[in-house]
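Ready for some practice in reading a protein structure? Grab the viewer and work through the exercises below, peeking at each solution only after a try.

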Amino acid sequence: MLSGCYIRALWILNNQDFVIFSRKFPVVEKRWHVSCLKESSDDFKYHMLPNDSGFSGAFSDRKKREGSARGFGVRVSQSVKGSDSWVDDPITRHVISLYVNKEEGENNLLWPLVLHIKGPYSILILPLVEPRHLKSYSRMCNTSDCGSAIGADESLSSLLLDLPSITGAFAVAQTIGDIVVGEAMEPEVVVAASPSVGGLLDTLTGSIGISSISARAKPVASPVIAFTISGTTVTGAAMSDAPKMGSRPLDKDVLRSFIASAMPFGTPLDLSYSNISAIKTTGFSSADVPPADRKQPAWKPYLYRGKQRILFTIHDTVHAAMYDRDEIPDSITISGQVNCRAELEGLPDVSLPLTWLASARVESLTFHPCAQVPEHGGDKQAITFSPPLGNFVLMHYQALCSVGPPIKGFYQLSMVSENEGAFLFRLSVMEGYKIPRTIEFCTVTMPFPRRRVVSFDGTPSIGTVSNTEHSVDWKIITNTRITSGKSIEATFSGTVRFAPWQAQRMPPSGSALMGDEDSDLESESSGSLVNVEDYIMEKMIKDLPAADLEDPFNRQAYNYATVSFKMIGPSFSGISIDPKSVSIFPALKAPIEVSAQVTSGDYILWNTLGKCPVAATPQA
Amino acid sequence: MAGMPPKPLSPPEWDSLIDDYNLDGATRLHRWTGGASVPDLCLSSILRKDIPIQLKLHILTFLEHHSLEDSPPPPPFLLRLLDALRSVIQSPSDPFPLKDQFLISTTAVFVTSLSETDEFGGGAPPLCGLVELLLTIINRPNHSLDRHTRGVACECLRQLELAFPCLLSEIAPHLWSLCQSERTHVSQWYVLLLSTAVLNIVKLKPSEASIASISNATIPLVPFNLPQFLIDRVGADFVWKENEICYKELRRVVAYLLDCPQYLTSFGVVEFMGAIIPLAEELELQASLLKVQFSWLLFTFKPLLCHVFLGMYVKFLDSFEGQEFEVASRLLLLCKESHHHLVFRLLALHWMLGLFALTVGEDEARKRSIIDMSLRFYPTIFDPLAMKALKLDLLAYCSRLLSDIGDANVVKGVEVDEVKLFKDGLLSVSSFKWLPPWNTETAVAFRTFHKFLIGGSPHSDSATSSVSALTESNIFDALQKMLVESTSEFKGLVPVVVAFIDRLLGCHKHCWLGEHLLKTLDKHLLPKLNKNYNLGSYFPIFERISENDHVSPSGLLNLLLRFMVFLVEKHGPDNGLRSWHHGSKILGICRTMLVHHHGSSLFTGLSHLLVSICLFFPDLEVRDSARFYLRMLIGIPGKKVKHILNTGEQLPGLSPSTHSGSFFNLQSPSIFHDLTKSSSIASCIYIERAKSLLVKQSWSLSLPNFGTNPDLPGFFDGIRDNEPAGEEQVLEITMSGDTILENDLPHQQKGPLRVMDAKNSEIVNELRRHFISIPDYRHMPGLKIQISCNLRFDSEPLVDEGEKYTAANAFDREDQLPALYAIVLTFTSSAPYGAISSFHIPFLLGSPPKSDKLLSQADSLAIVSVENGHVEEESLKAPVCIELEPREPMPGLVDVFIETNADNGQVIKGQLHSISVGIEDMFLRAIVPDDIAEDDVPSYYVNLFNALWEACETASSTGRETFALKGGRGIAAISGTRSVKLLEVPVTTLVEAIERHLAPFVVCVIGEPLVGMVKSGGVIKDVIWKDSSSDSSLDITCSPTSARGALYLKYFGDEEEDDGGTQITAGRENIGYCHILIFLPPRFHLLFQLEIRDFSTLVRIRTDHWPCLAYVDDYLEALFLE
């Protein structure tokens, strides 16, 4: 039984499918070899790991077969037996298989290869499994039947449950991905004065300061200032995470030294990039004495010394789908996190009551591993945690909005001709919000990814409007302002004109999925023009590229407006921390600062006059 | 071992070498190393001072990689490596990263090179050295500067322990004490080392002697020796449990370890749990203890820790009983947490499904608790499509559980049934209905259809009882409705629906589902479709319907017919291409039906459709193809058609053709090879007369002037052009003076006037009337005679020896019989038969070999009725009709040539046996002019008979008369000949023979007894009947010739005949007369007057073509005397 996470090899490919970095772990490979020898049979035997050229060949073969680097994911008519999409599971876009040296007649199947795409790089990691797992998967993708029934046939689910190494490999892949594109960073912690404070290295250098031993090298890597909210949330335009990818070449030495420390034998033991690079760059001195009474956790190689304080930042992200239709309820959810930075000497425990749990509509709450989780139930919950160094996410939560949506109203867009649309917004911002909040910005964007905006008419009741090639942006609130508890009403009507529609070339993946419809012969005017909208709609969707399985819906198929905003002030989710109730043990005096901010995630106003995606909301 | 130190490589060389190695493996290393040992090369470079540390690290990694190659470095190298390592470790100037990496790489090389099976192959001393070195490093707990190196050394030891279990068993007590004293952050590595070592001890149970107690070390840490266990490879009986103290100690160790996870990193916890769970199992620890210690893992936001918890949960399912809901809820929340990378959210759903599969089983309560959660499985709007797909899977799973449980369910006040789950769930991807078919939503929706559909009938389920249950289920019903509705509304879905059905059809277990869906579409979708150009998009569905033999084609044919009507109506100059396009598509369906359908249900509808297309479709090509298909449908039996039309795909239920290859293949060296010689073709392909000749004609009279060339009129070519004749006529007329010049009116069919008596003129008129209706073959199509034949061929020579029919089934046999296609028979003859048109047979099946036929008859008796067998026989013959246009009525031979295709497309050419043509083939009824009413035909014949009889009198007064033929350009004269023949046959035999062979030519029957006899026979009809009372008068008036003929015979006839005739006439009573008029093409006549007595008959013969008498004699003998 292999319960751990062992990695046989990893490869990093660039967007031309060339291996630009590879690492094999002989110790793990030896294990695989031994277990293969035990289970060896006619149709199963040990194969050496492919070299880089063989691997990149196999990868681009799969890409050809499966339409894209990730693949189809679900079984489509192009899927062939033996391929990943034959298994008919979306996760095969992430856990892939490759056939190596197929032309030599040896069916060398590599599975499970964890595929993580970051920037221009594809990171593939091959964790160790048992031969039976590989055989099972091979059966699954070679079955001649029509696909497994849920919970009844041999399924990928059972395999994945059985293989923590896949989960671990993903965590490794993500970390490596962040490193190769230079995004390995810590969560943001906001102090009232400055927008954010630095990370672990700041802490280290700040605390040690000039007084540090001269022999110690100054950290080379400067602390990461830029930040993104971890996860997939889309932040406001002002903070748009402009792609940094591709601009810098892969720093192989950084990667090698990270791998050497994080998983020297292919067994990952510590993936904290900041800790590892701190150890690499600063090392330890005789001044770093271990604590006398208790063990120093592995995730806290250094202890803080200096001025003590604790900072908390509550960060709500609001996701909303606003329909303004009677038959479809709006959906508003909040995901968020509490970030923390505890600059405390020694190894103290911090205790934090979760008194707000009673009132906030929290659906889920998960914690940093350093936290002692209270026995669930009851209102008097509290968590106790022993904080690591630097910024860290103390907890994540999912919640429903405890107040009304911050931006309400409707958006209507109606195509009056093929190249001209009339639109109308009627919005009310912060309606029903009693407590004043600081709004840094609030922008409404009408994206038209498939049309080129030529011009627009109309003046909003408030704010300014500008347009880019593919969108019209309405900045309702441009400068930071503090709401007074009264709602802001905003209307904006006008017309937007587009360049004439040009049929776009189908992307190859789309056309691959397309049936052999003889479009020119079928071109259907279907009688008189029923309606301009329908006509344009029909025209537009004809060469609509398919959405990725990672998208929630085909964004290009709909008309909608997105709202982005950032507010400072109490959270919408109802989560709050009272500085007075935070206690530290052993007791010490440290100021506690709490800040909260709310940003928008997917905040969408659907065109009331058009089609919109929906999902059933169970009447719970 | 290199005898000479290898030439050192420069840093850039190293870089290139390593790059080369990574790219293509060890094969290209030679040009860098020059044959030197690669590990040695590495070692020497690492020890050099001038190489930058980064490169040294790189070389160390390369050394690791290289150790994966097939040939492990020998033990001496390991020693050298160890020495080098020692020197680096002890060097104060080498930086820690190099030391760390050197430790790691050395350990890796040791692990991969050493094999415990052969006592480390002499590698034990270096291994001991390495362990000793590592132990020295870790034996300084809490030491500051090298703390990280200590961690690395711990990990190296752990890897060695993992590779060689129980390597460290004897020093476990030291490890424990080290672990307890270490307080820096590297304590994790000590903990992991300890837990791994303890686990191996517990698992492998080395002998008691070596580890007496874990708290009291009996063996010093260094020097290190391989434990006896590793050398002996014998596990002792484990005595911890019996030895209370040891057991307690061990529990203490575990208890100590259980407190550690809080200090470990996430991955550290993973490793730790990997050791602690089997340990807990082995030591039979309370699972509740684990539960308390590790529950927090579930509530961290690290998916990996959740997974580790699940691993433990699965191990101790019983202990965690009651916690299922909590675990499932947590997983559900995990998948909702949008800050996680999508893959973890997907994994969470998979884990949940995996857990369900593990835990649910047949437990009703657990099923219900899952159903209670079903509302939480609904996809939400912002879930990525991949998650929507998996959540829909969960709903499909619930729907299966619901159908298992059966009764109605109420979840949180909402009634839940499968259909509701299905419809609600599908809402999240409902845009599949209008988005283009290649969209992801569509793929997800149809994937869900599939999951819901087969949920009740998984592949692993061998029972077939679920079939009816599934078809009757609500979900199936709802799904079908949804498919029909969506497809009728959105034609874009057609390719997807087709792919979906194909997928089901391709599955051995669920092909019936696909068929069922096709039937549903056939039944419900087809009537909904509008008959307009949009219908074109639905053809892929039609294609599937037409391919499936289990779906009745009538609905589709009906629809296509109406679509065809629509196309015909809409056809105009602008949309010719469209019409062609759709027409071709319709034909495509027809073709598919021809290929795939059995049974006659297809025939009527399809032929109707094809006929309509042939007749009405505006496009020529479509019409042509339709005609082609129609001919195939009618002319060629089913299986052969399938083979012809099949363009390569394997047909279901149709065994691969025994005579392999379709028409589209290239010709192959063939089994017909020997048949290309014409002689052998005749031995297996037969053409035979349908009705054999009475006279086996072995000769034919050939007169020198009987030109076969129509351009050279022969002596007997009685027809002349009437132009020269006209001149004659003119002359004649001039001479006679009272004729009217009429040759400027060539179309007026009147002969030259001549002075003759009333009777003669009546005769002449009668003859004129007759001759004018005879076509002049020189200027127009002549009269034709038809000879019916049959064509058949033996299949035996056409089938390989090995492929002889083995199947017992007659039906199969027909399939296996070879066939000939597109047979063209061409005919030539030396006899004057004019040009003979060729004959075409589209298809002919070979007849089975004789022996086999007998067998088959015996075999098939049980199943096939005799009639069936007969029909089958008949179907193996093709009727052939040879049409001759004789220039002379004479027997002859017709040579037959064949040109045809075999099954494999090979062309067969050759001559068959000739067909003999007898005189009786020339017998035709006289042509009746158009102005004769039907009722008057018999009397016309009688009159004609009489006239001809008269005219064929040798000295007839009409002898010099000429008669114009049809068209007016040719004229003919009659020069008669007479003959008699006495037949000594009883009257009954005679009448029978006449009825059988000459019935159409009888024009008159005279004499009461004879009339009675003939009438009762019923074969001869529509002739003039005359009774005996009028006999005498007839003799005088209507048939004077007979009397005079008899008389004449007496005077001038030849003696013999005369004698016979008189004898007979004298000896027997005359029963009656029978007059027979035979027309011989192109323009001759043969007249019989039968004077019938009881036992003999006198046949008086007259003809205007005397050579035929030569055959008539034989013919009459054959006719009556056999």
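Here are five exercises, each with a worked solution. This is a predicted model, where local features need pLDDT of at least 70, side-chain atom pairs count only at pLDDT 80 or more, and totals for chains, interfaces and linings use all residues. Residues are numbered from 1 along each chain as its sequence is written, chains are lettered from A and ligands numbered from 1 in the order in which they are written, and side-chain values use heavy atoms, with hydrogens and water left out.

**Exercise 1. Work out how chain B and chain A meet.**

Step 1: Count the partners. Contact means heavy atoms within 4.5 Å, and 140 residues of chain B are in contact with 142 residues of chain A.

Step 2: Look at the buried area, which is the accessible area (1.4 Å probe) that two parts lose on being put together, summed over both. Here that comes to about 11900 Å², with 63% of it on carbon and sulfur atoms.

Step 3: Pick out residues. On the chain B side, F267(B), F382(B) and W438(B) lose the most area to chain A, together 8% of what that side buries.

**Exercise 2. Find out which residues of helix α11 of chain A are buried, and where they point.**

Step 1: Get the terms straight. Helices (H or I, at least four residues) and strands (E, at least two) are DSSP runs, numbered from the N terminus. Buried means under 20% relative accessible area, exposed over 50%, partly exposed in between (1.4 Å probe, protein chains only).

Step 2: Go along residues 532-541, and you'll find I536(A), M540(A) and I541(A) buried.

Step 3: Look down the axis of α11(A). The buried residues fall within an arc of 120° (taken from the directions from the helix axis to the C-beta atoms), so they line one face of the helix.

Step 4: See what they touch: the buried residues of α11(A) pack against β13 (407-417) of chain A.

**Exercise 3. Explore the largest nonpolar core.**

Step 1: Know what to look for. A nonpolar core is a set of buried Ala, Val, Leu, Ile, Met, Phe, Trp, Tyr and Cys residues joined through side-chain atoms within 4.5 Å.

Step 2: Find the hubs. Of its 369 residues, I176(A), F312(A), F425(A), W14(B) and F542(B) touch the most other members.

Step 3: Ask who contributes. Helix α19 (residues 385-405) of chain B gives the largest share, 14 residues.

Step 4: Look elsewhere too. Another core, of 105 residues, lies apart from this one, and its members include I681(B) and V985(B).

**Exercise 4. Describe the surroundings of E621(B).**

Step 1: Place E621(B) in helix α30 (residues 620-635) of chain B.

Step 2: Check its exposure: E621(B) is partly exposed, at 46% relative accessible area.

Step 3: Follow its side chain to that of W580(B), where there's a polar contact of 3.1 Å. A polar contact is a pair of N or O atoms within 3.5 Å; within protein, one must be able to donate a hydrogen and the other to accept it, and residues adjacent in sequence count only if both atoms are side-chain atoms.

**Exercise 5. Spot some unusual backbone geometry.**

Step 1: Recall the rule of thumb: most residues other than glycine have a negative phi, and most peptide bonds are trans.

Step 2: Check W111(A) to P112(A): this peptide bond is cis, with omega near -5°. P112(A) sits in strand β4 (residues 108-118) of chain A.

Step 3: Turn to M430(A), which isn't a glycine but has a positive phi of about 60°. M430(A) lies in the loop between β14 (420-429) and β15 (438-447) of chain A, and counts as buried at 1% relative accessibility.
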